[in-house]
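Trainee: I have a new model open on my screen, and I would love to talk through how its helices pack. Could you take me through it?

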Amino acid sequence: MTMVPIEVQIKPFIFLILFISFLSLNIIYSKTNENIGNKREIHAFKGMLVSFMVYILEDLRLLFGDSFYSALPRPVVLFIMSTGFTSMSFACFFWFLHVRANLNRPSNFTKICSLNFWSVLIHIPLFLVLILLYTPLHVFVYELSGNGPVFKPMLSFILLMDYVYLIAATGISIHNRRLAKTRHEKKKYNSQIIFILFFTINGILIAFLMNLPAIELCVIPVVLKLFVELQDSQIYTDALTKLYNRRRMADIINEELATCSADDPLTIIMVDLDYFKSINDILGHDEGDKALVAISKAMRKILLPRNAVAARWGGDEFVIAGKDAELASEFRNLLSNALEDDKTLSYTPIFSTGTYICTSPATPFEQALSNADSALYKDKEERHKTSGDFITRLNEIKKGS
């Protein structure tokens, strides 16, 4: 009986792992769209998926064993080898962009980070990797011999460039977790923080399992977990404003009510965009949507440094909840100023608010919301006594357009 070499026996399993991994990533890619996150976040995530798929295609060389290095022209082999290393660098780069898309930062820091200098700086590690791998300098990274590649010290430099992105992304995730105000957010950032371990394990596997598709076995569960968390985020997020939705805010308020007291009260503020129907009727529903987005951005801006969160409760109504001692007294002025600073609209939206401060964990959720809603109704009645100026402004904008 002829014994089949172990190398031959294992090749069907290698192919099966590569095929299933590529197919799984392709399915996740097709299901990833802007309905489950912001545009930059999703594009970066899809870029990471493509990078992993390219790596899987490069790993088809494992089916040929050592004969791969002599079966093809030398330039083709060099290109494939370099592409394998580059795909992992691109995966790290896109992971950094994915995490950076959710960086919580004050508006002045946002302006600084939008400068071209930063846009250039974040591409430098990737640019250095491409120069090393796709020029004659590749001989400092690896060389081809009769039995396969021989790796050189500069391979460590490429790994260092990858870790520049990974460490930066981990730092952003730690920063975001520190600012996170809900368990759901903290869970998301915890997963991002441990993502660096995935690449570290990959590096170890590459060193010891060069001829097996070990990385693919790690990629799929990690990417699947990240994809599921993106989808979970959408369950709790309003599609238009990107604030929490009613379902998530109800969970947050119930959690915070259980621990509120006279010394640690929970402030609930209901906000209603005044004359929203008039905005839709006079300027159109697109302008109405822009007004909702503008007030949502303003609320995110003023709540970022405070222990409070905002949600779209429904239509033109929003709810803010938090245990910030000064939230009740400062909120109206802060939101008014933020809306005046907004330049996306040709008018400044006006709003009504209703506040309820809960000091007892025995207060039912429905009662807390009802008290805030009653205060909102009274405030709205007062503000609607002088509706003429705002309606006149809307009609002037319509005539001037």
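Trainee: Happy to start with one pair: at what angle do helix 7 and helix 8 pack?

Mentor: Keep in mind that this is a predicted model. Helix 7 covers residues 124–133, and its axis lies 9 Å from that of helix 8. The angle at which helix 7 and helix 8 pack is about 155°.

Trainee: Is helix 7 roughly parallel or antiparallel to helix 8?

Mentor: Angles over 145 degrees count as roughly antiparallel. The angle here is about 155°, and the crossing is left-handed. Therefore helix 7 is, relative to helix 8, roughly antiparallel.

Trainee: How do the residues of that contact divide into nonpolar, polar and charged?

Mentor: From helix 7 come I124, P125, L126, L128, V129, L132 and L133, while helix 8 brings M154, F157, I158, M161, V164 and Y165. Sorting these contact residues of helix 7 and helix 8 gives no polar, no charged and 13 nonpolar.

Trainee: Now helix 2 and helix 11: how are they oriented to each other, roughly parallel or antiparallel?

Mentor: Their axes come within 12 Å and cross at roughly 165°. The crossing of helix 2 and helix 11 is left-handed. Since over 145 degrees is the cut-off that applies, the crossing angle makes helix 2 and helix 11 roughly antiparallel.

Trainee: How many charged residues are there in the contact of helix 2 with helix 11?

Mentor: Helix 2 uses E41, I42, F45, M48, L49, F52, Y55 and I56 to meet I215, E216, V219, V223, L226, F227 and L230 of helix 11. Of the residues in this contact, 13 are nonpolar and none is polar. The number of charged residues is 2.

Trainee: Which helix gives the most residues to the largest nonpolar core?

Mentor: That core has 38 residues, and L25, F45, F52 and F199 touch the most other members. At least two residues each come from helices 1, 2, 4, 8, 10 and 11. With 8 residues, the one that gives the most is helix 2.

Trainee: Which residues does F199 contact, leaving aside neighbours within four places in sequence?

Mentor: F199 is one of the residues that touch the most other members of the largest core. Beyond its sequence neighbours, F199 is in contact with F52, M88, A91, C92, Y163 and L166.

Trainee: And how many residues are in the second, separate core?

Mentor: Zooming out, the chain has 17 helices and 6 strands, and buried residues make up 44% of its 401 residues. The second core includes F276, L303, A310 and A338. Its residue count is 31.

Terms used. Residues are numbered from 1 along each chain as its sequence is written. This is a predicted model: local features need pLDDT of at least 70, side-chain atom pairs count only at pLDDT 80 or more; totals for chains, interfaces and linings use all residues. Side-chain values use heavy atoms; hydrogens and water are left out. A nonpolar core is a set of buried Ala, Val, Leu, Ile, Met, Phe, Trp, Tyr and Cys residues joined through side-chain atoms within 4.5 Å. Buried means under 20% relative accessible area, exposed over 50%, partly exposed in between (1.4 Å probe, protein chains only). Helices (H or I, at least four residues) and strands (E, at least two) are DSSP runs, numbered from the N terminus. Contact means heavy atoms within 4.5 Å. Axes are lines fitted to C-alpha atoms, for helices over the stretch in contact, and angles run from 0 to 180 degrees between N-to-C directions. Angles under 35 degrees count as roughly parallel, over 145 as roughly antiparallel, 65 to 115 as roughly perpendicular and the rest as oblique. A crossing is left-handed if the near helix is turned anticlockwise from the far one by less than a right angle, and right-handed if clockwise. Ala, Val, Leu, Ile, Met, Phe, Trp, Tyr, Cys and Pro count as nonpolar, Asp, Glu, Lys and Arg as charged, and the others, Gly among them, as polar.
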